[in-house]
Amino acid sequence: MKYLILYFLTLTTIAIAQDTKYKGQAPISSIPVTVSKPTIPQYKGTFEVTDGLYFTNDFQGGRLNGIIEGENDTIVAVIAAENVPINSSAWYAFKVWSDVSKNVTLKLTYQNAKHRYYPKVSTDGLNWELMDSTKIFEIGKGDQKFGGGSQSEAAVLNLAVSSDTLWVAAQELQTSTHVFAWMDEMAQSSFISVAEIGKSREGRPMKCMHIGAGKDKKMLMIISRQHPPEVTGYFAMKSFVENLVADTKLAKKFRKEYDIYVVPLMNPDGVDNGHFRHNVGGIDLNRDWADFNQPETSAVRDFMREKVKDGGKFYFGIDFHSTWDDIYYTLPDTIPSNLTGFTKKWLDGIETEIPDYKPNVRPTSRLEPTWVSRNFFFVEFGTEALVFEIGDNTSREFIKKKGKVSAEQMMQIILDDYK
Ligand SMILES: [Zn+2]
């Protein structure tokens, strides 16, 4: 176990700079076709590469499409997407062990994508640390400082491998097992329950958590993980929700008035199959909120419509994601909604409460067709709505803090200004 010292870096010390000038993605201009397309199933199993050296992808969230002996004692791992075209957000996750302790030079190579995620390592699949940066060598790095243009063609990892299993993954593993366990734990509270609102294409439950008194007059909708590798967005959602259920005067008062609905895992099949972005229908779910060709998006739409039919009103919809930097994709500030002007006040409040933090806010005025969840929430239900993006490398401590401050500010402003 000596080699673990090499990895003794905490996730808060990540050194990759965030560029506040990063502006985020351009408006979506092409017309999405969200009718299902084939995806390529991944062979699942254990590979013995050389004598006594083993790799496996045979676990939830695993992704390792092939592994071969390369030149100069290098082992080459092939990582491929579920289908193409696809974003260059190559997820990888595998376990490695060896009969005899040794250093393994492993080259991560990608098909239809580049190296994006800084490797995390774990000895149990639950507690993760950043891999020691002196053991990572990126090859063919892009000339941009930030974003897609900064990605490398490949990455070589020097791994100290022994008979103890070493987990290596693009981000901390948060599969359906982890997420559902968190929901069950939350549901120990008397005012929280979990219900199934549909099934994914592969038959996994679409689970929705309810927080509140159950008046169902004033409601909020929170979703995350439409895109499987976007674990930092999931962490922000988790912290946000955990602060909405806090045992504080503010949170109690808020929960008396507002019922909160949370679907933390919008794409359970994609997550458990180790996808880069799509569901098992081969579709980017966050382009399906106009046509609803996929069961995962339809489940949430039907659930919300049912609640409204029963006399409720949604005031706010938040969709948590991850990208290169922390960004808020908002509606225009002045647009009339069920909470007109709220988002601006809220983001101003967050800025005031977190010293030296300047939120990167990107309003979008093109709201139809409602391909993305934010637009659907607003156009169909009149909610304030936004996409809450967290950087891939944002420190996990900062994510927690941001989730907490965001929840507190939201509750305070809604209670004070929208009586
Ligand atoms: Zn996303």
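Does Asp356 at 85% relative accessibility count as buried or exposed, and why? Asp356 counts as exposed, because its relative accessibility is 85%, and the cut-off for exposed is over 50%. The model is predicted.

**Backbone outliers**

Asp356 is found in the loop between α6 (342–353) and β18. Its phi is positive, about 65°, although Asp356 is not a glycine. Asp216 is another such residue, with a positive phi near 55°. The place of Asp216 is in the loop between β13 (205–211) and β14. Asp216 counts as buried, because its relative accessibility is 16% and the cut-off for buried is under 20%. Most residues other than glycine have a negative phi, and most peptide bonds are trans.

Cis peptide bonds belong in the same list. One joins Val84 and Pro85. Another joins Glu368 and Pro369. Each proline sits in a loop: Pro85 in the one between β4 (74–79) and β5 (93–98), Pro369 in the one between β18 and α7. The table sets out the backbone angles.

| Site | Angle | Place |
|---|---|---|
| Val84 and Pro85, cis | omega about -5° | Pro85: loop between β4 and β5 |
| Glu368 and Pro369, cis | omega about 0° | Pro369: loop between β18 and α7 |
| Asp216 | phi near 55° | loop between β13 and β14 |
| Asp356 | phi about 65° | loop between α6 and β18 |

**Zinc site**

Which residues coordinate the zinc ion? The donors are His227 through ND1, Glu230 through OE, given twice, and His321 through ND1. The distances run from 2.1 to 2.5 Å. The arrangement is irregular, because the four donor atoms subtend angles of 56 to 147° at the zinc ion. A tetrahedral label would need all angles between 85 and 135 degrees. Ideal angles for four tetrahedral donors are 109.5 degrees.

In sequence, the donor residues follow the spacing H-x2-E-x90-H. His227 lies in the loop between β14 (218–224) and α2 (231–244), and His321 in strand β16 (residues 313–323), so the pair ties together parts that are 94 residues apart in sequence. Both His227 and His321 are buried.

**Strand β16**

Asp319 also lies in strand β16. Asp319 counts as buried, because its relative accessibility is 0%. Asp319 and Val387 are 68 residues apart along the chain, yet their C-alpha atoms are separated by 4.9 Å.

Strand β16 turns up again in the pocket. It gives the largest share of the lining of the largest pocket, three residues.

**Largest pocket**

What is the volume of the largest pocket? It is about 660 Å³. The lining has 35 residues. Nearest the centre of the pocket lie Gln25, Ala26, Ile28, Arg287 and Tyr329. The elements that give two or more residues to the lining are β16, β18 (361–363), α7 (373–381) and β19 (384–391).

By class, the lining holds 11 nonpolar, 15 polar and nine charged residues. Domain 1 (2–169) and domain 2 (176–417) each give at least three residues to the lining.

**Links between the sites**

Strand β16 carries the zinc donor His321 and the buried Asp319. The loop between β18 and α7 holds Pro369 of the second cis bond, and β18 and α7 are among the elements that line the largest pocket.

Notes: Residues are numbered from 1 along each chain as its sequence is written. This is a predicted model: local features need pLDDT of at least 70, side-chain atom pairs count only at pLDDT 80 or more; totals for chains, interfaces and linings use all residues. Side-chain values use heavy atoms; hydrogens and water are left out. Donors are N, O and S atoms within 2.8 Å of the metal (3.2 Å for Na, K and Ca); water is not among the atoms, so sites may look incomplete. Four donors count as tetrahedral if all angles lie between 85 and 135 degrees; four count as square planar and six as octahedral if opposite donors are over 155 degrees apart and all others between 65 and 115; anything else is irregular. Helices (H or I, at least four residues) and strands (E, at least two) are DSSP runs, numbered from the N terminus. Buried means under 20% relative accessible area, exposed over 50%, partly exposed in between (1.4 Å probe, protein chains only). On a 1 Å grid over the protein atoms alone, a cavity is a set of points where a 1.4 Å probe fits but cannot get out, and a pocket is an open set with protein on both sides within 12 Å along at least five of seven lines; lining residues have an atom within 4 Å of a point. Grid points are joined across faces, edges and corners, and a volume is the space filled by probe spheres set on the points. Ala, Val, Leu, Ile, Met, Phe, Trp, Tyr, Cys and Pro count as nonpolar, Asp, Glu, Lys and Arg as charged, and the others, Gly among them, as polar. Domain bounds come from an automatic or database domain assignment.
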